[in-house]
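Here is my note on the model, in numbered points. Please keep the structure open while reading.

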Amino acid sequence: MADIYDFGLVGLGVMGRNFILNVADNGFTAFGNDLDEEKVNALIEEGGDTTKVNASMDAAAFVQALSTPRKIMLLVPAGKVVDIVIESLLPHLEQGDIIIDGGNSFFTDTDRREAYLKEKGINFFGAGVSGGAKGARKGPSIMPGGSREAYQHVKPIFEAVAAKYQEEPCVAYLGPKSAGNYVKMVHNGIEYGLMQLTSEIYDLLKKAGGLTNEELQQTFADWNQGRLQSFLVEITSDIFSQKDELAEGHLVDKILDKAKQKGTGKWTSQNAMDLGIPVPTIDIAVSMREISALKDERILADEIYDRPTVAKIEKDVLIEKAEKALYFAFIITYAQGMHQLADASKEYGYELDLGEIAKIWRAGCIIRAALLADITEAYRADGTLQNLLLSPTFAEKVRETVGAARELVAHGATNGIPLPGLTNALTYFDAYTSSRLPLNLIQAQRDYFGSHTYERLDREGIFHTGWEE
């Protein structure tokens with residue numbers, strides 16, 4: 001057994017075990033810790049050579065086995081468990097040691113923990129890790145935030161284990177405090193939006209086009225070879241080919257239509273409202289998961305109300321329009337998420353580089369997509385870009401695809417096919433690109449009933465009218 005290990009990890013579930021084995025595969029020695037003896041033994045057995053990978057249930061032995069400054073990553077459930085683990089480690093740590101929270105912690109919790117540990121001379125990082133269990137093993141996208149100086153100790157390990165895009169590691173120091181957790185939160189919000197949009201296009205292809213699962217599989221596989229190339233489109237194609245092992249037919253048709261959530265999408269939506277940033281495609285994606293949970297009520301309502309007979313669209317025509325509409329809506333969803341990151345950076349002092357964020361999302365993470373290379377270039381070309389829709393490159397992409405989105409939203413509305421994500425993406429686009437909105441009437445109403453005042457188009461100042469006088 002080696003006396004000293006380069007990297008420590010607490011939480012040897014699937015993600016933690018895979019991540020620590022990834023570290024060992026890339027030339028660093030790693031030591032794990034978990035309260036579950038089976039998980040500790042499983043890691044030792046899978047790690048094989050104990051000079052590279054080892055583990056213990058004892059916190060003191062775990063900490064003592066690490067080189068200084070100690071680099072300890074936590075891959076445990078967000079919430080109180082993180083605080084409990086920190087308290088169990090503290091008696092054994094020394095000044096300058098580094099704790100890295102790799103879970104989906106809420107960003108204000110990260111700020112609180114960083115301030116608390118700073119008083120004790122301990123560095124604390126919030127580092128979002130995306131890519132699931134496979135990514136943790138083969139190369140995730142990593143989003144660290146905290147002390148820039150302390151990150152230098154972690155940087156060689158993170159760059160070695162991260163996914164690579166054209167040989168560039170998908171990890172970068174993002175900013176101080178909770179910048180890493182915040183970026184991961186918005187990443188997950190974008191993920192909600194993209195998943196909702198993909199499910200709606202699937203529904204439309206099935207109901208309006210009559211596509212079979214085999215045709216759906218081929219359609220998404222073809223799309224994944226083009227500009228829609230992405231992890232989510234790729235796995236969607238795979239899903240349609242999966243046969244059911246417990247009954248006849250395809251598995252996707254047997255899965256209950258109730259989508260669950262862990263909270264990160266909701267946090268993105270809530271915080272966007274706090275900041276005053278519109279992210280309606282993400283908002284509705286969260287709401288649709290909540291509506292999906294009302295399965296019993298939906299069954300009752302379906303029996304009460306009639307639904308139009310769906311007018312069919314010729315398959316090849318529909319597939320072409322659906323590809324354009326989905327591409328359009330993907331752009332809008334990324335635009336909303338990046339807009340939120342830009343505003344949060346100013347509000348919370350994160351100093352985020354949006355081009356760098358798009359760059360580390362190009363591989364490893366759940367929202368990786370060919371589109372992110374274009375997003376990276378857009379922010380490289382103009383670091384002050386307020387919204388992707390203002391980029392000349394993206395303006396051209398949107399002009400070419402928005403017409404298809406309009407046609408399909410209209411078809412869905414006329415034929416009773418719910419397309420809330422696509423509809424909200426289109427509404428956001430139409431509102432954002434309107435130099436004049438009807439909100440002047442809302443200001444008049446507010447002033448009428450509450451004397452809230454208003455501004456004018458033709459002169460400076462704040463005005464109030466005695467509407468009832």
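1. Which residue forms a salt bridge with E168? K359 does, and the closest N and O atoms are 3.0 Å apart. A salt bridge here is a side-chain nitrogen of Lys or Arg within 4 Å of a carboxyl oxygen of Asp or Glu. K359 lies in helix α15 (residues 354-360) and E168 in strand β9 (residues 168-169), so the pair ties together parts 191 residues apart in sequence. Helices (H or I, at least four residues) and strands (E, at least two) are DSSP runs, numbered from the N terminus.

2. Some ground rules. This is a predicted model: local features need pLDDT of at least 70, side-chain atom pairs count only at pLDDT 80 or more, and totals for chains, interfaces and linings use all residues. Residues are numbered from 1 along each chain as its sequence is written, and side-chain values use heavy atoms, with hydrogens and water left out.

3. Burial of the first pair. K359 is buried, at 18% relative accessible area. E168 is partly exposed at 32%. Buried means under 20% relative accessible area, exposed over 50%, and partly exposed in between (1.4 Å probe, protein chains only).

4. R227 and E400. Their side chains meet in a salt bridge of 2.7 Å, N to O. R227 sits in the loop between α9 (213-223) and α10 (231-240), and E400 in helix α17 (residues 392-415), so the pair ties together parts 173 residues apart in sequence. R227 is partly exposed at 30%. E400 is partly exposed too, at 36%.

5. D353 and R380. This salt bridge has its closest N and O atoms 3.5 Å apart. D353 is in the loop between α14 (315-348) and α15, while R380 is in helix α16 (residues 371-381), so the parts tied together are 27 residues apart in sequence. D353 counts as partly exposed at 39%. R380 does so at 40%.

6. The wider count. The whole structure holds 28 salt bridges. D83, D101, D109, R112 and R113 are linked in a network of them. Side chains of opposite charge can pair when their charged atoms come close.

7. Annotated sites. An unreviewed UniProt entry places the feature "binding site" at residues including N104, K262, R446 and H452. The full set of positions spreads over 349 residues of sequence and up to 49.1 Å between C-alpha atoms. UniProt positions are in the numbering used here, feature names are shortened, and annotations may be inferred rather than shown by experiment.

8. N104. This residue is in the loop between β5 (98-101) and α5 (107-118). It is partly exposed at 31%. Beyond neighbours within four places in sequence, N104 is in contact (heavy atoms within 4.5 Å) with A78, K184, N188, T264 and W267.

9. R446. This residue is in helix α19 (residues 439-450). It is partly exposed, with 31% relative accessible area. Outside neighbours within four places in sequence, R446 is in contact with S451 and H452.

10. The annotated domain. The unreviewed UniProt entry assigns "domain: 6-phosphogluconate dehydrogenase C-terminal" to residues 180-468. The end C-alpha atoms of residues 180-468 lie 53 Å apart. The span is 65% helix and 0% strand.
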